[in-house]
Amino acid sequence: MALDRPCLITLTVTLVASIIATQLAAPALAGPPSPGFSPSSRFQSLGFDQGFRNLWGPNHMNTDQTSLTIWLDQDSGSGFKSHNMYRSGYFGASMKLQSGYTAGVITSLYLSNNQDFPGHHDEIDIEFLGTTLGRPYTLQTNVYIRGSGDGRIVGREMQFHLWFDPTQDFHDYAILWSPNEIIFLVDDVPIRRYPRKVDSTYPQRPMYLYGSIWDASSWATEDGKYKADYRYQPFVGRYRNFKLSGCTTNGPSSCRAPSVSPSGSNGLSRQQISAMQWVQRNSMIYNYCSDPKRDHSQLPEC
C-alpha cells in the first residue's frame, strides 16, 4: 500500500529520531582487548607512610591507613616523595581524579631526580592535564632526559583520552623503568613502550617517585588557553594501593629490575602488544614521533 506524503514524512522523522536515540544510548568506546596478564598483582601494595613523605603543602594533604588525598586551592597545592631513591623498578598507584572544571590543574605520578640535578634532570611522567566542563581528561606520558640544559633533548610526550572516565572510580597507573625499556600501564594494559636505543636519550640516573597536584595554567589545558579557576576549588587528587618495587640506590648491586611480561623477560607478550596497539589506535591523541615540528634526527626511538 502506497503512503501519502504526510505519512511518509512522519515515518521518516520517526526513523531518524530512533536512530539518533540509539546512537545516544550506545555505550562508550569499549576497552582494549585483555593483555592476558596482570603485573600489578605481582607487587605488594603499600600504605602512604610506608613508602612516602610529604614534600610540600602539608596542610593540603590528608592520609589514612589505606589512602592519600591531596588538594589544590588558591593558597597551595601539595606533593609527596618516596623515602628511597631507585635505579629501576615498578612504580604505581590507584588514582581517582576530580570531576568538573579542572583546567590548568595537573595531577601526577612521576619519577624524577630534579632535586639532585636542577636544570638538567630526568623524568618519567604520568600527568593528568585538567580539562573544561564536558571534555575528557588528557593523560600525558613523558620521558624527559637531562632537563632543559640541552636544547636538543626535550620531552617525549604521548597523550591519551582513556576508554573510561577517571573521575568515576580508582584506576591503576604504573611505570616500569628498567635498564632496557620504559613501559606505561593503565589497569595493567600497556599503553606505551619506550625502548633504550642510545644512552643519550634514555634516563639512567637514579630517581625518586613523586606525586603532586599543582597549578600549571601556563600550559596544561590547550597550551594555556584555559586557566585554573578557583571558583571551583578545591581541586582534589586521591591515591591508594601504592606500588614501589625495584632496585634502590642503597640496595645490592646484584638487584635486577622487575618485569611486566608474563615470561619475566624484557618486552611484552603478543597479547600485551595487541592491547597496546589497540590503545594507540583508539585512544592516543598526540605522539611526538609524528609531530612534524620535532627534529626527528634526535629521536632514535621513533
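Start by selecting strand 5 (86-97), which gives four residues, the largest share, to the lining of the largest cavity in this predicted model. Now add strand 10 (171-177) and strand 14 (235-248), each of which supplies at least two residues of that lining. To see the whole wall of the largest cavity, show Ser-40, Tyr-90, Gly-92, Ala-93, Ser-94, Asp-172, Tyr-173, Ala-174, Asn-241 and Lys-243. They enclose a volume of about 40 Å³, and they divide into four nonpolar, four polar and two charged.

Keep strand 14 on screen and add strand 6 (105-112): each supplies at least two residues of the lining of the second largest cavity. Among the residues to pick here are Val-105, Tyr-137, Ile-213 and Phe-235. This lining has five nonpolar residues, three polar and no charged.

Next, colour the open sheet of eight strands, in the order 1-4-13-6-7-8-9-15 with antiparallel pairing. Strand 1 (52-56) and strand 15 (284-287) stand at the edges with a single partner strand each, so one side of each has no neighbour in the sheet. From one strand to the next, the twist averages 15 degrees.

Zoom in on strand 8 (residues 138-144) and strand 9 (residues 158-160), antiparallel strands joined by three bridges. Here you can find Leu-139 opposite Phe-160 of strand 9.

Finish at the largest pocket, with about 470 Å³ of space. Of its 18 lining residues, select Leu-129, Gln-159, Ala-220, Glu-222 and Asp-223, which lie nearest the centre. Strand 8 and strand 15 are the elements that give two or more residues to this lining, whose residues divide into six nonpolar, eight polar and four charged.

Notes: Residues numbered from 1 in each chain as written. Predicted model: local features only at pLDDT ≥ 70, side-chain atom pairs only at ≥ 80, totals over all residues. Heavy atoms only, no water. Pairing = 2+ DSSP bridges. Axes fitted to C-alpha atoms, helices over the stretch in contact; angles between N-to-C directions. 1 Å grid on protein atoms, 1.4 Å probe; cavity = no way out; pocket = protein on both sides within 12 Å on 5 of 7 lines; lining within 4 Å. Points joined across faces, edges and corners; volume = space filled by probe spheres on them. Nonpolar A, V, L, I, M, F, W, Y, C, P; charged D, E, K, R; others polar.
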